[in-house]
Amino acid sequence: MVAHVLAQLAQGRAGVAAAELVRAWLAAAEHRPLLRLWAEAYARSLVEPGGPWAGFARATVDDWLDVLAACRPRPERDGPEGAVRRTLALAVLRGALLDLLATDDEQRVTAAVHRHLEMLRRDGA
């Protein structure tokens, strides 16, 4: 499941295409139970920083920023603007995921992410 998405990203999906691939995986109804568990672990990591989930949220952020970095050309990957773009993409995807888990309103959430990705395309991402 996640390995499949990561393998596709490793095959050269870049920028907006990579974000769309991740968005599609996150929006799939069959992944919601796993993603609800992820959300619980993420939240527990934040509210119980010394507990069994200590560091999970931070590690998740770092892991996804690394994945998104690998999808970009080296000059962008290594520059400060690339870090900002990856952080923005991750924030939008994570926020959309939490919204989707809370509401199951896939149509609205997907439309919002698509709008964001359109803006990135226009911006040359």
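**An all-helical chain and its side-chain pairs**

Arg-58 is exposed, with a relative accessible area of 59%, and this residue serves as the starting point for a walk through what is a predicted model. The side chain of Arg-58 forms a salt bridge with Asp-62, in which the closest N and O atoms are 3.3 Å apart. Both residues belong to helix 4 (residues 56-70), and because they are four residues apart in that helix, about one helical turn separates them. Asp-62 has a relative accessibility of 31% and therefore counts as partly exposed, since that class covers values between 20% and 50%. Elsewhere, salt bridges that share partners join Arg-32, Arg-36, Asp-104 and Glu-106 into one network.

Before that network is followed further, the overall plan of the chain is worth setting out. The chain has seven helices and zero strands, and read along the sequence it follows the pattern α-α-α-α-α-α-α. Of its 125 residues, 37% count as buried. Among the contacts between residues at least 6 apart in sequence, 54% join residues that are at least 24 apart.

One pair of helices shows how such elements meet. The axes of helix 2 (residues 15-27) and helix 7 (residues 106-122) come within 10 Å and cross at roughly 170 degrees. Because angles over 145 degrees are counted in this way, helix 2 is roughly antiparallel to helix 7. On the side of helix 2 the contact is made by Val-16, Ala-19, Glu-20, Arg-23 and Ala-27, while helix 7 contributes Glu-106, Thr-110, Val-113, His-114, Leu-117, Leu-120 and Arg-121. Sorted by class, this contact of helix 2 with helix 7 has six nonpolar, two polar and four charged residues.

Two of the residues in that contact, Glu-20 and Arg-23, are also partners of one another. Side chains of opposite charge can pair when their charged atoms come close. Arg-23 forms a salt bridge with Glu-20, and the closest N and O atoms of the two are 2.8 Å apart. Both residues lie in helix 2, three residues apart, which is about one turn of the helix. How does their accessibility compare with the classes used here, buried or exposed? Arg-23, with a relative accessible area of 12%, is buried, whereas Glu-20, at 23% relative accessibility, counts as partly exposed.

The structure holds ten salt bridges, and another of them belongs to the network described above. The side chains of Asp-104 and Arg-36 meet in a salt bridge at 3.6 Å, N to O. This pair links distant parts of the chain, for Asp-104 sits in the loop between helix 6 (80-103) and helix 7, Arg-36 sits in helix 3 (residues 32-47), and the two are 68 residues apart. Asp-104 counts as partly exposed at 44% relative accessibility, and Arg-36 also counts as partly exposed, at 38%.

Aromatic side chains supply a further set of pairs. A pair of aromatic rings is described by the distance of the centres and the angle of the planes. The count comes to two aromatic pairs. In one, the rings of Trp-38 and Tyr-42 have centres 4.8 Å apart and planes at 40 degrees, so this pair is tilted. Trp-38 and Tyr-42 both lie in helix 3, four residues apart, or about one turn of the helix. Trp-38 has a relative accessibility of 17% and counts as buried, and Tyr-42, at 15%, counts as buried too. The rings of Trp-53 and Phe-56 have centres 5.3 Å apart and planes at 75 degrees, so that pair is edge-to-face. Trp-53 is partly exposed, with a relative accessible area of 35%, and Phe-56 likewise counts as partly exposed, at 24% relative accessibility.

The walk ends at another arginine, Arg-86, which is found in helix 6. Which residues is Arg-86 in contact with, once its neighbours within four places in sequence are left aside? They are Leu-65, Leu-68, Ala-69, Glu-76 and Arg-77. With a relative accessible area of 10%, Arg-86 is buried, whereas Arg-58, where the account began, is exposed.

Methods. Residues are numbered from 1 along each chain as its sequence is written. This is a predicted model: local features need pLDDT of at least 70, side-chain atom pairs count only at pLDDT 80 or more; totals for chains, interfaces and linings use all residues. Side-chain values use heavy atoms; hydrogens and water are left out. Axes are lines fitted to C-alpha atoms, for helices over the stretch in contact, and angles run from 0 to 180 degrees between N-to-C directions. Angles under 35 degrees count as roughly parallel, over 145 as roughly antiparallel, 65 to 115 as roughly perpendicular and the rest as oblique. Contact means heavy atoms within 4.5 Å. Ala, Val, Leu, Ile, Met, Phe, Trp, Tyr, Cys and Pro count as nonpolar, Asp, Glu, Lys and Arg as charged, and the others, Gly among them, as polar. A salt bridge is a side-chain nitrogen of Lys or Arg within 4 Å of a carboxyl oxygen of Asp or Glu. Buried means under 20% relative accessible area, exposed over 50%, partly exposed in between (1.4 Å probe, protein chains only). Rings of Phe, Tyr and Trp (its six-membered ring) pair if their centres lie within 6.5 Å; planes under 30 degrees apart count as stacked, over 60 as edge-to-face and the rest as tilted.
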